[in-house]
Amino acid sequence: MAGEKILIVDDEENIQRLCKEILVRQHYAPVSVGAPLAALERVRNEQFDLLLTDISMPEMDGLSLLQAVKEIQHEITAIIITGNGTLDKAIESLHMGAQGFLVKPFTHQELLQAVAEALDRRRLILENMRLKLLMPLFEVSQNLLSETDPNALFHQIGLVAQKETKSDGVMLMLCEGPHLVLRAEAPRSALGGEALAFLTA
């Protein structure tokens, strides 16, 4: 799917320009910078789908940049570019969360293939995360369809919330007029921990 925003980081202007031209022709939205610190500033202010970075740069190497970027935008994916491709560097970049590895000089097709594959994997990861988040809602909806006792249903909702938030206890409260009314809570013995989840509706 075209239109993804891609941050290109390389201290060689010709590499920046080449990557940008190729990606624009494929209807991506590339942004290029020549230094890691400038890249971090962009990442703090803009959302990107993909980081395309050289591994060897004066201010900071590409793997350190990737680590710093992921602390700001956790879901970003990355492709590492290097002029000296070794198996060790490829493995290290994958361990750091990169989804691709390009060795200079690379062809137009190699760049486009690496970008497409990295973005496809990112979409799959995000979809899996979305489905995981929806599973508790599905579980509750199943109970809604089968449970006729409101108190039992509130208890089930509380259990799901406790499990998903990893809380020591749960209190479920409903708005009835101007007041909040307690409808379900974890057993008193379970409320001695530090984390407590409150649900209101």
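The following exercises, each with a worked solution, concern a predicted model.

**Exercise 1. The surroundings of strand S3**

Determine how many residues of strand S3 are buried, and which strands pair with S3.

Solution.
Step 1. Strand S3 covers residues 50-54, and 5 of its 5 residues are buried, which leaves the strand mostly covered.
Step 2. Consider next the two directions in which the residues point. Leu50, Leu52 and Asp54 point one way from S3, while Leu51 and Thr53 point the other way. Residues of both groups are buried.
Step 3. Turn to the neighbouring strands. Strand S1, residues 5-9, pairs with S3 in the parallel sense over 4 bridges. Within this pairing, Ile6 has Leu50 as its bridge partner in S3.
Step 4. S3 is also joined by 5 bridges to strand S4, residues 77-82, and these two strands run parallel. Here Leu50 stands opposite Thr77. Between S3 and S4 the chain passes through helix H3, residues 62-72, and this β-α-β crossover is right-handed.

**Exercise 2. The two sides of helix H2**

Identify the buried residues of helix H2, and state where they lie around the axis.

Solution.
Step 1. In helix H2, residues 36-45, the buried residues are Pro36, Ala39, Leu40 and Val43.
Step 2. These residues lie on the same side of H2, because they cover an arc of only 100° around the axis. A general rule helps here: an α-helix has 3.6 residues a turn, so residues three or four places apart point the same way.
Step 3. Examine the face turned away from the buried side. This face carries the exposed residues Arg44 and Asn45.
Step 4. Finally, ask what covers the buried residues. The covering elements include S1, S2 and H3.

**Exercise 3. Salt bridges between distant parts of the chain**

State how many salt bridges the model contains, and which residues pair with Glu46.

Solution.
Step 1. Side chains of opposite charge can pair when their charged atoms come close. With a cut-off of 4 Å between the side-chain nitrogen and the carboxyl oxygen, the count comes to 8 salt bridges.
Step 2. Glu46 forms a salt bridge with Lys5, and their closest N and O atoms are 2.6 Å apart. This pair links distant parts of the chain: Glu46 is in the loop between H2 and S3, Lys5 is in strand S1, and 41 residues separate them.
Step 3. Glu46 also meets Arg42 in a salt bridge, at 2.5 Å from N to O.
Step 4. Compare the accessibility of the partners. Lys5 has a relative accessible area of 26% and is therefore partly exposed. Arg42, at 29%, is likewise partly exposed.

**Exercise 4. Lys104 and its neighbours**

Establish which residue is joined to Lys104 by a cis peptide bond, and whether Lys104 is buried or exposed.

Solution.
Step 1. The cis peptide bond joins Lys104 and Pro105, with omega about -5°. Pro105 lies in the loop between strand S5 (100-103) and helix H5 (108-146).
Step 2. The relative accessible area of Lys104 is 17%, so this residue is buried; the cut-off for buried is under 20%.
Step 3. The side chain of Lys104 meets that of Glu12 in a salt bridge of 3.0 Å, N to O. The two residues are 92 residues apart, with Glu12 in the loop between S1 and H1.
Step 4. Glu12 is partly exposed, because its relative accessible area is 34%.
Step 5. Lys104 and Glu12 belong to a network of salt bridges that also links Asp10 and Asp54.

Technical notes
Residues numbered from 1 in each chain as written. Predicted model: local features only at pLDDT ≥ 70, side-chain atom pairs only at ≥ 80, totals over all residues. Heavy atoms only, no water. Buried < 20%, exposed > 50% of the residue type's maximum accessible area, 1.4 Å probe, protein only. Pairing = 2+ DSSP bridges. Right-handed = clockwise from strand over helix to strand, strands pointing away. Arc of directions from axis to C-beta. Contact = heavy atoms within 4.5 Å.
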